Amino acid sequence: MIDRLEKEVDMLERHLQVLKMVIENEPIGIVKMSNETGYPHHKVRYSLRVLEEENLIEPSSQGAITTERTEEFVDELDGKLDETIDKLEGMKIDGVAEVEN
């Protein structure tokens, strides 16, 4: 049950790492991102596609670049992550009386 959440968090981490690289190095291509992150080309390509679908980056002849929406997304990101962390913290079961068998 928790495995899917872990996989989603790992994928989100990769997407955000790719977005950060685009923000800091635009324009930037797949090969450079793959070499610098250690992620295989196909995973970088997938992250770029997801980011493009979210309108956070767009392709250019020299590589990926940010869009008008990127700054707004980055400004809101920390708050959304904090909300999610709080929700996950609230799901913890420790402190509940021991489960009897």
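**Exercise 1. A threonine in α4**

Leaving aside neighbours within four places in sequence, which residues is threonine 70 in contact with? Work this out on the predicted model, then decide whether threonine 70 is buried or exposed.

*Solution.* Start by placing the residue: threonine 70 belongs to helix α4, which covers residues 68-90. Next, list its partners beyond four places in sequence: they are Leu19, Ile23 and Leu56. Leu56 deserves a second look, as the side chain of threonine 70 reaches the backbone oxygen of leucine 56 at 2.5 Å. Finally, turn to accessibility. The relative accessibility of threonine 70 is 4%, and the cut-off for buried is under 20%, so threonine 70 counts as buried.

**Exercise 2. How α2 meets α3**

Describe the crossing of helices α2 and α3, and sort the residues that make the contact.

*Solution.* Begin with the geometry. Two packed helices are described by the angle between their axes and the distance between the axes. Here α2 (residues 30-37) and α3 (residues 41-53) have axes that come within 9 Å and cross at roughly 115°. The crossing is right-handed. Now collect the residues: α2 contributes Ile30, Val31, Met33, Ser34 and Thr37, while α3 contributes His41, Val44, Arg45 and Leu48. Sorting these residues gives 5 nonpolar, 3 polar and 1 charged.

**Exercise 3. The buried side of α2**

Find the buried residues of α2 and say how they are arranged around the helix.

*Solution.* First pick out the buried residues of α2, which are Met33, Ser34 and Thr37. Then look down the helix axis: these residues fall within an arc of 100°, so they line one face of α2. To see what lies over them, look at their surroundings; the cover includes α1 (2-25) and α3.

**Exercise 4. Threonine 37 and what follows**

What does the side chain of threonine 37 reach in the backbone? Follow the chain just past α2 as well, and note the phi of glycine 38.

*Solution.* Threonine 37 sits in helix α2 and, with 18% relative accessibility, counts as buried. Its side chain reaches two backbone atoms: the oxygen of methionine 33 at 2.8 Å and the nitrogen of tyrosine 39 at 3.1 Å. Beyond four places in sequence, threonine 37 touches Gln17, Met21 and Val44. Step past the helix and you meet glycine 38, with a positive phi of about 85°.

**Exercise 5. Backbone exceptions in two loops**

Most residues other than glycine have a negative phi, and most peptide bonds are trans. Locate a cis peptide bond and a positive phi at a residue that is not a glycine.

*Solution.* For the peptide bond, go to glutamate 26 and proline 27: the bond joining them is cis, with omega about -10°. Proline 27 is in the loop between α1 and α2. For the phi angle, go to asparagine 55, which has a positive value of about 65°. Asparagine 55 lies in the loop between α3 and β1 (57-60). To finish, check its accessibility: at 45%, asparagine 55 counts as partly exposed.

**Exercise 6. From arginine 49 to proline 59**

How far apart are the C-alpha atoms of arginine 49 and proline 59?

*Solution.* Place arginine 49 in helix α3, where it is partly exposed with a relative accessible area of 43%. Along the chain, arginine 49 and proline 59 are 10 residues apart, and their C-alpha atoms are separated by 9.7 Å.

Key. Residues numbered from 1 in each chain as written. Predicted model: local features only at pLDDT ≥ 70, side-chain atom pairs only at ≥ 80, totals over all residues. Heavy atoms only, no water. Helix = DSSP H or I, 4+ residues; strand = E, 2+ residues; numbered from the N terminus. Buried < 20%, exposed > 50% of the residue type's maximum accessible area, 1.4 Å probe, protein only. Polar contact = N/O pair within 3.5 Å; in protein donor to acceptor, adjacent residues only side chain to side chain. Contact = heavy atoms within 4.5 Å. Axes fitted to C-alpha atoms, helices over the stretch in contact; angles between N-to-C directions. Left-handed = near helix turned anticlockwise from the far one by under 90°. Nonpolar A, V, L, I, M, F, W, Y, C, P; charged D, E, K, R; others polar. Arc of directions from axis to C-beta.
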